[in-house]
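Trainee: Got a minute to go through this one with me? I'd like to take it piece by piece.

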Amino acid sequence: MRAQAAWWGSLLTALILQSSVLPFFLPDGFTPDLTRGLVLWLALTGTPGYGVFLAFAAGFAVDLFAGAPLGLTALMRLVLYGFARPGRGILEMPFAVFVAGPLAVLSDTVVILLLQKVLFVNEVSLGVLIATALKQALVELASVPLIFIIMELATGYRADEAPV
Amino acid sequence: MQGFFSRRRNMLIGGCLIVLAVSVLSSGRENAGPVGRTLGLIGSPVQSLVGAVGSSIGKAVDHYIFLVGAREEAERLRAEVGELRTELMKVEEFRYENARLKRLLEFGEASQMEQVAASVVGRSASVWYRTLVLNKGSENGVAEGNPVVTASGVVGRVFEVSGGNCRVLMLTDASSAVDGVVQRSRDQVLVEGNMTPSPKLLYITRSSDVQVGDKVVTSGLDCIYPKGYLLGRVSAVTEEPGAFFLTASMEPTVDFARLEEVFIVTGGGEVSQ
């Protein structure tokens, strides 16, 4: 119950922060996608349960907030969950939490690359997509460990004790 | 004789003590008698010591009282400085807001079009899109496709409207395209967003005289943006071998990172630059 409340509370805070607060302070392209970190937490710790539904909900909420094609971020979050879920238990390894963020960005970028013809009316060069992904990877390097610390405090659950 | 002294012992002792007291009292004075001077000589160092100790204690008490007072004063002043700083920041913020709104108002009056002023309340929560959320919607007469502008130039267009707010596709989004014209050379261009801060300028012929710094304005031909709105300035022009058109990009005149107030154009018209 506590984990559920903590996760939903964190999702709401993340949405407000990343859509109404952080973009006003951070340079273009360097705003972290906090919901990505929350979905990573779900996938790597299994806390709270029914992570796949929560991952979808997180993505769908971003779509509603961002005005993106409805379902795109939901799809990205599901792909991320599926991609990260087998990695449950890796947080026992030192520095694994720092690698998780950039890998999550890679997952998002792959989805965007595969769907770019459908998503964007104009042509977007591969260089621009890679540059955007690199900026995000850099941001996630810092934001994911921070999100994990906050989630540990909020849920009372140790990330490195996740059952494999 | 002995009987005399023994009978008056108490009186004698009392008298001696009075003399001693008077002598000690007068030891510091110039006109003290021999007894006074003698007692003064003996008593002076003691008196000085006692005086010094007393003086030190007095000073210490004074300093302590002063320090307590000073600390309280410093705390009060610190609090006052904090309040004044906050006030100053508020005044500064009001000054900037006033300047921004004044520019916006002047622009609104000059453009002679039906416009709705709106504030930016949110930005895209994803880096793959460039969108804004404004605090005006269909209740305020906003409709899909309405251009969004500021005194500095075009911001984008409304692509989704609800009762109390709307979403704007920014000029730099990868799904945005605006028909424009280079103001000096009169070249027709298509301004295409590409997820970077500098949208591309398409279809500029090789014979064109487009130069870096030229203003690009809306042409009005796309039936979305009224004619004459400033889009930006040409930031780069390159000629690639074998290409039919020049490769160019534009720096928008709007600072998208610092957008706070905008106008939603709800009625058609033309802008005089």
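Trainee: What stands opposite B:Lys200 of E8(B)?
Mentor: B:Glu192 does. Strands here are DSSP runs of E, at least two residues long, and helices are runs of H or I of at least four, both numbered from the N terminus.

Trainee: And which strands are those two residues pairing up?
Mentor: E7 of chain B, residues 188-192, pairs with E8 of chain B, residues 200-205, in the antiparallel sense over three bridges. Two strands count as paired if DSSP finds at least two bridges between them.

Trainee: Before I go on, what am I looking at, experiment or model?
Mentor: It's a predicted model, where local features need pLDDT of at least 70 and side-chain atom pairs count only at pLDDT 80 or more, while totals for chains, interfaces and linings use all residues. Residues are numbered from 1 along each chain as its sequence is written, and chains are lettered from A and ligands numbered from 1 in the order in which they are written.

Trainee: OK. What sits in the loop between E7 and E8 of chain B?
Mentor: B:Met195 is found there. B:Met195 isn't a glycine, yet has a positive phi of about 70°.

Trainee: Buried or exposed, that B:Met195?
Mentor: Buried, because B:Met195 has 23 C-beta neighbours inside 10 Å. The cut-offs go by other C-beta atoms within 10 Å, placed from the backbone: 20 or more is buried, 12 or fewer is exposed, and in between is partly exposed.

Trainee: Which residue in strand E8 of chain B has a positive phi near 65°?
Mentor: That's B:Tyr203, again a residue other than glycine, and B:Tyr203 lies in strand E8 of chain B. B:Tyr203 counts as partly exposed, because 14 C-beta neighbours fall inside 10 Å. For background, most residues other than glycine have a negative phi.

Trainee: Where does this pair of strands fit in the bigger sheet?
Mentor: In a closed barrel of six strands in chain B, running E6-E7-E8-E11-E10-E9 with antiparallel pairing. The twist from one strand to the next averages 40°. Angles like that come from axes, lines fitted to C-alpha atoms (for helices, over the stretch in contact), and run from 0 to 180 degrees between N-to-C directions.

Trainee: What about E6? What does B:Ala177 touch?
Mentor: B:Ala177 is in strand E6 of chain B, residues 177-182. Leaving aside neighbours within four places in sequence, B:Ala177 is in contact with A:Val121, A:Asn122, B:Leu190, B:Val191 and B:Glu192. Contact means C-beta atoms, placed from the backbone, within 7 Å.

Trainee: How far is B:Ala177 from B:Lys200?
Mentor: 9.5 Å, C-alpha to C-alpha, and 23 residues in sequence. B:Ala177 itself is partly exposed, because it has 19 other C-beta atoms within 10 Å.

Trainee: Which strands make the other barrel, the one with E12?
Mentor: E1-E2-E5-E4-E3-E12 of chain B, closing in that order with antiparallel pairing. Neighbouring strands of this sheet are turned by 45° against each other on average, direction ignored. E1 (residues 115-123) and E12 (residues 261-265) of chain B pair over five bridges, antiparallel. In that pairing, B:Ala118 has B:Val262 in E12(B) as bridge partner.

Trainee: Switching chains. How many helices and strands does chain A have?
Mentor: Six helices and zero strands. Of the 164 residues in chain A, 40% are buried. Take contacts in chain A between residues at least 6 apart in sequence: 71% of them join residues at least 24 apart.

Trainee: How do H5(A) and H6(A) pack?
Mentor: H5 (residues 96-119) and H6 (residues 126-155) of chain A pack at an angle of about 140°, axes 7 Å apart. By class, their contact has 15 nonpolar, four polar and one charged residues. Ala, Val, Leu, Ile, Met, Phe, Trp, Tyr, Cys and Pro count as nonpolar, Asp, Glu, Lys and Arg as charged, and the others, Gly among them, as polar.

Trainee: Any odd peptide bond in chain A?
Mentor: The one from A:Thr47 to A:Pro48 is cis, with omega near -5°. A:Pro48 is in the loop between helix H2 (34-45) and H3 of chain A.

Trainee: Last one: how many residues of each chain meet at the A-B contact?
Mentor: 23 of chain A and 22 of chain B. On the chain A side, H1, H3 and H6 each give two or more residues, and H1(A) gives the largest share, four residues. That side has 11 nonpolar, 10 polar and two charged residues.

Key: Two residues are in contact if their C-beta atoms, placed from the backbone, lie within 7 Å.
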